[in-house]
Amino acid sequence: MVPQTIAVVNNDFVLLDLLQELLIEAGYGTTTYLTTDQTYHQLRDSQPSLIILDVGLQASAPGWPLLKLLHFDPNTVQIPVLVTTVDHAFIQGKQAFLQAAGCDVLELPASFTDLVAKVETLIGVPLERSIPTSNPP
């Protein structure tokens, strides 16, 4: 079985490092990407198990066009996307598209527990935690 890999996409180095550290601690493999013109191609080629995508503070932020590209490409539409944002009003206005695209949303700030719960809902527990261990007699 192939381990789950989560692609974390953000335009903030500090948040990328923090999310990667938290997800590794939870048992998930991660790859981080700055939101650039090449990110879409990198995600399409790598086919992660899940994409955690920060869509920014408005429709012109780089995460939103990336989300649309991922949704309309038959090579990436099946990859679950967890959208993150601190702009609660903006994301509420996009609920129809997000539901149609099958995206889940994590409004920030959020707890580590909330993040892991969303990830587990979307792709399950990491392999290390899903393999039962035998208890010594």
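Helices (H or I, at least four residues) and strands (E, at least two) are DSSP runs, numbered from the N terminus. The model is predicted.

**Exercise 1. The loop residue Q47**

Task: State where Q47 is found and what sign its phi has.

Solution.
1. Q47 is found in the loop between α2 and β3. Its place is just after α2.
2. The phi of Q47 is positive, about 50°, although Q47 is not a glycine.
3. To classify its exposure, use the cut-offs: buried is under 20% relative accessible area, exposed is over 50%, and partly exposed is in between. Q47 has a relative accessible area of 34%, so Q47 is partly exposed.

**Exercise 2. The sheet**

Task: Give the order of the five strands in the open sheet and name the edge strands.

Solution.
1. The order of the strands is β2-β1-β3-β4-β5, and their pairing is parallel.
2. The edge strands are β2 (29–34) and β5 (104–107), each of which pairs on one side only.
3. On average, neighbouring strands of this sheet are turned by 20° against each other, direction ignored.
4. For one pair in detail, take β1 (residues 5–10) and β2: they pair in the parallel sense over six bridges. The bridge partner of T5 in β2 is G29.
5. As background, strands of a sheet pair through backbone hydrogen bonds, either parallel or antiparallel.

**Exercise 3. Helices across the sheet**

Task: Find which strands α2 and α3 lie across.

Solution.
1. Helix α2 (residues 39–46) lies across β1, β2 and β3 (50–54). Its direction is at about 155° to β2.
2. Helix α3 (residues 63–72) lies across β1, β3 and β4 (81–85). Its direction is at about 150° to β3.

**Exercise 4. The buried side of α2**

Task: Name the buried residues of α2 and explain why they are on the same side of the helix.

Solution.
1. The buried residues of α2 are T39, Y40 and L43.
2. These residues cover an arc of only 100° around the axis, and therefore they are on the same side of α2.
3. Among the elements that cover the buried residues of α2 are β1, β2, β3 and α3.
4. Now look at L43 alone. Leaving aside neighbours within four places in sequence, L43 is in contact with A7, V9, Y33, P48, I51, L66, L70 and I79.

**Exercise 5. The nonpolar cores**

Task: Say how many residues the largest nonpolar core has and which have the most contacts inside it.

Solution.
1. The largest nonpolar core has 22 residues. Those with the most contacts inside it are L43, I51, L53, V55, L67, V83 and L98.
2. At least two residues of this core come from each of β1, α2, β3, α3, β4, α4 (88–93) and α5 (95–100).
3. The largest share, four residues, is supplied by α3.
4. There is a second, separate core of 15 residues, which includes L50, L106, V119 and I123.
5. In soluble globular proteins, nonpolar side chains tend to be buried together.

**Exercise 6. Q4 and P109**

Task: Decide whether Q4 is buried or exposed, then describe the peptide bond from L108 to P109.

Solution.
1. Q4 lies in the segment before β1.
2. The relative accessibility of Q4 is 15%, so Q4 counts as buried.
3. A polar atom of the Q4 side chain lies 3.0 Å from the backbone oxygen of I123.
4. The peptide bond from L108 to P109 is cis, with omega near 0°. P109 itself is in the loop between β5 and α6 (112–123).

Note on methods: Residues are numbered from 1 along each chain as its sequence is written. This is a predicted model: local features need pLDDT of at least 70, side-chain atom pairs count only at pLDDT 80 or more; totals for chains, interfaces and linings use all residues. Side-chain values use heavy atoms; hydrogens and water are left out. Two strands pair if DSSP finds at least two bridges between them. Axes are lines fitted to C-alpha atoms, for helices over the stretch in contact, and angles run from 0 to 180 degrees between N-to-C directions. Contact means heavy atoms within 4.5 Å. Buried means under 20% relative accessible area, exposed over 50%, partly exposed in between (1.4 Å probe, protein chains only). The arc is that of the directions from the helix axis to the C-beta atoms. A polar contact is a pair of N or O atoms within 3.5 Å; within protein, one must be able to donate a hydrogen and the other to accept it, and residues adjacent in sequence count only if both atoms are side-chain atoms. A nonpolar core is a set of buried Ala, Val, Leu, Ile, Met, Phe, Trp, Tyr and Cys residues joined through side-chain atoms within 4.5 Å.
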